[in-house]
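Welcome! Here is a friendly walk through one protein chain, taken a piece at a time. Have a look at the picture, then read on.

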Amino acid sequence: FAYEPHQFRIAEAMIALVFFDPAAFPGVSIGCFAANMIGPGTFYDAVLGTAATGFGIYAMKWWAERNGKPYIGMALYAFLNAFMVALEFSYNSNYASQTMLELFVWIMLGEVVCGVLGGTILHFIVGKRWKDIVSETKKGQEEEFHPTTLQ
């Protein structure tokens with residue numbers, strides 16, 4: 001269920017990682033592009049779908065930074081992404097039998113379930129452990145690299 005209007009992409013939950021590490025923004029966008037390239041869509045779909053994801057993530061992060069509510073930001077992402085993908089699909093002859101509203105509703109359903117609900121769960125899990133994860137990573141990097149041993 002990762003393609004077509006009935007999209008339930010588990011990877012949509014990864015949008016929550018943008019709140020913890022800015023490197024997740026290009027990572028999620030590149031992942032979207034790669035998934036769309038190997039899927040049944042076209043290059044056109046990969047570019048527009050990635051643009052929708054990138055714009056949605058930017059708006060999500062912008063909202064959350066100003067209001068401190070990442071969950072509302074994820075809902076904004078879901079709405080924008082569903083709208084832009086539905087708009088793209090409405091111009092695709094494969095979906096001529098469906099109105100843009102029908103396309104939007106189906107895409108939005110998948111965004112809410114996977115992106116907002118899954119992203120909220122991931123945000124909660126990672127948020128509780130983020131400082132521990134980062135400090136363990138930094139500690140591990142310090143232990144692995146000793147400039148004095150290079151002499």
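## F83 and its surroundings

F83 belongs to helix α3. In this predicted model, F83 is partly exposed, with a relative accessible area of 38%. What does F83 touch, once its neighbours within four places in sequence are left aside? The residues in contact with F83 are M100 and F104.

M100 also appears in a distance between backbone atoms. Although F83 and M100 are 17 residues apart along the chain, their C-alpha atoms are separated by 8.7 Å.

## Helix α3

The helix that holds F83 runs over residues 70-90. The 21 residues of α3 should span 30 Å at 1.5 Å a residue, and its end C-alpha atoms are indeed 30 Å apart, so the two values agree.

Which residues of α3 are buried? Towards the start of the list come P70, G73, M74, Y77, A78 and L80, and the list goes on with N81, A82, V85, A86, E88 and F89. F83, by contrast, is partly exposed.

## The chain as a whole

Stepping back, the protein chain has four helices and zero strands. Reading along the sequence gives the pattern α-α-α-α. Of its 151 residues, 36% count as buried.

How much of the contact in the chain links residues 24 or more positions apart? Among contacts with a separation of 6 or more, such pairs account for 66%.

## Helix α2 and the residues after it

Helix α2 covers residues 43-67. It has 25 residues and reaches 36 Å from its first C-alpha to its last, close to the 36 Å expected at 1.5 Å a residue. Its buried residues are D45, A46, G49, T50, A52, T53, G54, G56, I57, A59, M60 and A64. What do these buried residues of α2 pack against? Their partners are α1 and α3.

After α2 comes G68, whose phi is positive, near 65°. K69 has its place in the loop between α2 and α3. Is K69 buried or partly exposed? With a relative accessible area of 47%, K69 is partly exposed. Leaving aside neighbours within four places in sequence, K69 is in contact with W63 and A64. A64 is one of the buried residues of α2.

## How α2 meets α3

The axes of α2 and α3 come within 8 Å and cross at roughly 155°. Angles over 145 degrees count as roughly antiparallel, which means that α2 is roughly antiparallel to α3. The crossing of the two helices is right-handed. Sorted by class, the contact of α2 with α3 has 18 nonpolar, five polar and two charged residues.

## How α1 meets α2

Helix α1 spans residues 24-38, and it packs with α2 at an angle of about 155°, with their axes 8 Å apart. That angle makes α1 roughly antiparallel to α2. The crossing of α1 and α2 is right-handed.

On the α1 side, the contact is made by F25, V28, S29, C32, F33, N36 and M37. The α2 side supplies F43, D45, A46, V47, G49, T50, T53, G54, I57 and Y58. By class, this contact of α1 with α2 has 10 nonpolar, six polar and one charged residues.

## T50, a residue at this contact

T50 sits in helix α2 and takes part in the contact with α1. Why does T50 count as buried? Its relative accessible area is 18%, and buried means under 20%. Not counting neighbours within four places in sequence, T50 is in contact with S29, C32, F33, N36 and D45. S29, C32, F33 and N36 belong to the α1 side of the contact, while D45 is, like T50, a buried residue of α2.

## H123 in helix α4

The last stop is H123, found in helix α4, which covers residues 100-144. H123 is buried, with a relative accessible area of 13%. Which residues does H123 touch, not counting those up to four places away in sequence? H123 touches A16, F19, F20, P70, Y71 and M74. P70 and M74 are among the buried residues of α3.

H123 can also be placed relative to I15. These residues are 108 apart along the chain, yet their C-alpha atoms are separated by 9.1 Å.

Conventions: Residues are numbered from 1 along each chain as its sequence is written. This is a predicted model: local features need pLDDT of at least 70, side-chain atom pairs count only at pLDDT 80 or more; totals for chains, interfaces and linings use all residues. Side-chain values use heavy atoms; hydrogens and water are left out. Axes are lines fitted to C-alpha atoms, for helices over the stretch in contact, and angles run from 0 to 180 degrees between N-to-C directions. Angles under 35 degrees count as roughly parallel, over 145 as roughly antiparallel, 65 to 115 as roughly perpendicular and the rest as oblique. A crossing is left-handed if the near helix is turned anticlockwise from the far one by less than a right angle, and right-handed if clockwise. Ala, Val, Leu, Ile, Met, Phe, Trp, Tyr, Cys and Pro count as nonpolar, Asp, Glu, Lys and Arg as charged, and the others, Gly among them, as polar. The expected span of a helix is 1.5 Å times one less than its number of residues. Buried means under 20% relative accessible area, exposed over 50%, partly exposed in between (1.4 Å probe, protein chains only). Contact means heavy atoms within 4.5 Å.
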